[in-house]
Structure formats: C-alpha cells, structure tokens
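Please look over the sequence and the fold together before reading on. The paragraphs below go from confidence in the model to its core, and then to one helix and one residue.

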Amino acid sequence: MTDFEEIEIKNFRNISSQRLSFDREDIVLIGTNGQGKTNFLEAVYILCYGSSFRTPFLKECVSYGESGFVLEGTFRNEFGELQKIRSVFEEGKRYIEIDGKEVKDRKELIYQFPCIVFCHEDISFITGEPETRRRFFDQMMSLSSPVFLDNIRLYRNLLAKRNASIKTVNYALLPIYDEKIARVGVEIMRERKKCIDDFNSLFPSLYSKVSGGKDDLFITYQSSWDEDDEEFIVNYLRDTKERDIKMQTTTSGIHRDRFVIKDSHGNFSQTGSTGQIRLCSLLFRVAEARSFQKVTGKKPILLLDDVLLELDDRKRSLFLDELSDYSQAFYTFLPRENYFSDDGRKPVFYKVEDGCFEKDERHYDLS
C-alpha cells in the first residue's frame with residue numbers, strides 16, 4: 001500500500017506552485033471547470049507513471065512561459081517508511097528519481113505506485129476501436145505482471161523489426177522473426193485468455209449489482225491466430241507472407257486481437273444505452289482495481305475525474321459502495337456536490353480556483 005502524504009507542484013499547467021498535504025485516504029478537489037482539478041490528477045499520475053493520461057507530450061504540461069516542470073511527492077511505502085519521488089521535465093527531457101536515485105525504467109514506478117484513472121474517455125473501452133480494449137487489458141495485466149509487460153515490449157520490438165524487413169525487402173530475416181514472434185505471442189495469448197476468464201468471474205455480477213440489470217454481460221477474447229501453438233503460428237506466418245508483403249505490414253498477430261463486450265442481445269456497444277455504456281466503462285476500472293488487489297495483494301491509488309456526474313443517485317451510491325479496493329483516492333467534484341455525506345468516508349477537501357488549492361474544512365462536517 002502506497003499513500004501520498006504531500007505533493008509539491010512547480011510550473012505545471014495552470015497550477016500555481018504550491019505544496020499540498022494529505023492525512024486521509026480520500027481527497028476531494030472541488031471547483032468549477034477549468035480551474036485546475038484535472039491538471040492536479042494528471043500531476044499525480046505523472047508521479048506514479050512518469051507519463052500523462054491526457055497527452056503523450058509532456059511539454060504540453062509545462063506552464064506557459066516556463067521551460068519545464070517539477071513534481072515532488074512524499075509517500076509512505078508498503079512498509080510504512082517515508083520516501084520521496086521527484087519527476088522533472090526540463091528542455092524536452094524527463095528525469096525521475098526516488099530518494100535521490102535515478103529511475104532508469106518507468107516499469108519501476110508501475111509496481112511502486114500502481115495507479116488507476118477514471119475519466120470520461122474511458123467510454124472508448126466500450127464504443128471505441130479494438131485497439132482501445134487491447135490497451136485496457138494489456139495495461140491491466142502489466143500493472144500486476146512484470147513478465148507480461150516485458151513480453152508486450154518485446155513483441156512490439158519484434159513486430160517493428162519484422163515490418164521493417166518487409167518494407168526494406170529483407171525477406172531472409174522473416175523466418176527468424178516469425179519464430180521469435182510466435183514464441184512471445186503464444187505467452188501473451190495464454191495470459192490474455194486467463195485474464196479474460198478471471199475478469200468474467202467478477203465483472204458480470206459487479207455490473208448487475210450496480211446497474212440493477214441482468215447478470216449477462218461478459219467479454220470474449222478473439223485471437224488473430226486460431227491456436228496458441230508456436231509451430232502453428234510459425235507456419236501461419238510463413239503461409240501468409242505474400243499477403244504481408246502486399247500489405248507492407250504484418251497482418252496477423254496479437255496486435256490484432258479483439259476483446260468484445262457482449263450481452264444476451266449481442267455486441268454491447270450496439271445494444272447498450274448511453275447510460276449503460278458509461279456505467280460499464282466505470283465498472284471496468286473498478287474490476288481492474290479488484291483484479292490488481294486479488295493478484296498482488298496490494299491496493300492501487302485511484303484518480304476519479306468528474307465521472308460520477310452522469311450517474312443517478314442510486315447508481316452513484318452503489319458505485320461508491322463497490323469502490324473499496326484502493327489505498328488512496330483523489331476525486332474531482334463540481335461545487336455543491338456531496339457524494340460522501342452518508343457513506344462513512346471522511347475525505348479532506350480542497351477548493352480549487354484559478355490553479356490555487358485551499359483546504360476547505362468547512363465544506364462538509366464529516367468528523
């Protein structure tokens with residue numbers, strides 16, 4: 001379990017340089033749109049992962065007129081010890097250190113600061129292209145399995161080299177890459193199948209409980225290759241080589257697998273209402289947190305960015321009841337929203353205005 005006790009921000013988006021302290025597991029940021037609430041969640045995410053959930057370009061996060069930003073966090077690790085993390089972006093380069101020691105690979109952060117963000121764009125898990133669902137499940141598995149993350153990285157590297165060999169007419173290398181891709185691809189396929197079995201063991205009942213609907217929502221895994229057998233895949237890649245050459249890319253593989261969400265009526269993205277789809281995307285994240293806790297025994301940090309607005313009172317209450325497997329949670333609310341008055345949580349509140357954060361002890365009396 002990892003909790004932030006203090007976060008200091010300098011030159012990050014519209015946020016005024018300041019230090020915030022937290023003595024509770026629930027932190028609520030209250031303010032109208034455009035004041036800096038989401039920017040703060042983004043800063044927390046960068047401390048946890050070294051990257052943003054909003055943009056691939058960290059230079060977009062630098063305050064106007066500045067050359068870089070600095071984020072510093074004081075956290076209590078799973079052994080109860082206080083440590084410091086520092087994330088710096090300066091002159092186009094990123095630098096991360098924990099207790100003064102440079103972090104060479106962002107993979108080190110993932111397992112030190114497991115973090116799950118809930119945002120409006122999550123609806124693309126249901127309605128978006130197959131790539132978005134692949135990314136969701138791959139990220140979910142990478143969060144709890146360093147081996148899976150290594151295999152995904154290796155596969156992408158091999159795929160890039162195979163595609164380069166096709167484009168440069170260096171066909172003699174294809175058999176070598178085919179064998180390596182088959183070996184890594186089989187491991188990824190098997191892990192994905194297991195992940196979906198585990199996900200389907202908890203997600204349908206979770207969705208049914210919160211939605212009040214039927215317990216018939218499930219996810220299917222449709223692999224690009226018919227068998228998770230290395231020899232079969234090597235032969236398949238060899239037999240489809242001419243097609244790949246014609247298309248100038250590798251046309252089959254785990255990079256083209258599909259995860260399809262279904263109910264008794266068919267593809268849920270087509271049969272579900274807007275409200276059902278929105279709720280489904282939120283509960284994907286809840287299931288991700290539960291899955292992580294089940295596999296690792298650890299609880300992640302949660303970031304919830306104005307995602308409760310579209311739920312009615314009943315579903316909002318049920319959703320919060322199911323939101324329990326976390327070490328610390330940061331929420332963004334609009335003014336006058338009171339979601340915690342009756343559920344026993346005792347959050348610390350910050351009023352956010354024009355990039356400034358002020359602790360608001362008077363917002364609710366939850367003592």
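What follows is a short walk through this structure.

This is a predicted model, in which local features need pLDDT of at least 70 and side-chain atom pairs count only at pLDDT 80 or more, while totals for chains, interfaces and linings use all residues. Residues are numbered from 1 along each chain as its sequence is written, and side-chain values use heavy atoms, with hydrogens and water left out. The mean pLDDT (the predictor's confidence in each residue, from 0 to 100) of the protein chain is 92, and 96% of its residues reach 70 or more.

The largest nonpolar core (buried Ala, Val, Leu, Ile, Met, Phe, Trp, Tyr and Cys residues joined through side-chain atoms within 4.5 Å) has 108 residues, and Phe203 and Phe319 are among those with the most contacts inside it. Helix 6, residues 174–211, gives the most to this core, with 15 residues; helices here are DSSP runs of H or I, at least four residues, numbered from the N terminus.

Helix 5 covers residues 146–167, and its end C-alpha atoms are 32 Å apart, which agrees with the expected span of 32 Å for 22 residues at 1.5 Å a residue, the span being 1.5 Å times one less than the number of residues. Among its buried residues (under 20% relative accessible area, with a 1.4 Å probe and protein chains only) are Arg162 and Ile166.

Asp244, in helix 8 (residues 241–247), is buried, with a relative accessible area of 1%. A polar contact (N or O atoms within 3.5 Å, one able to donate a hydrogen and the other to accept it, with residues adjacent in sequence counting only if both atoms are side-chain atoms) of 3.0 Å joins the side chains of Asp244 and Arg162.

Key:
Buried means under 20% relative accessible area, exposed over 50%, partly exposed in between (1.4 Å probe, protein chains only). Helices (H or I, at least four residues) and strands (E, at least two) are DSSP runs, numbered from the N terminus.
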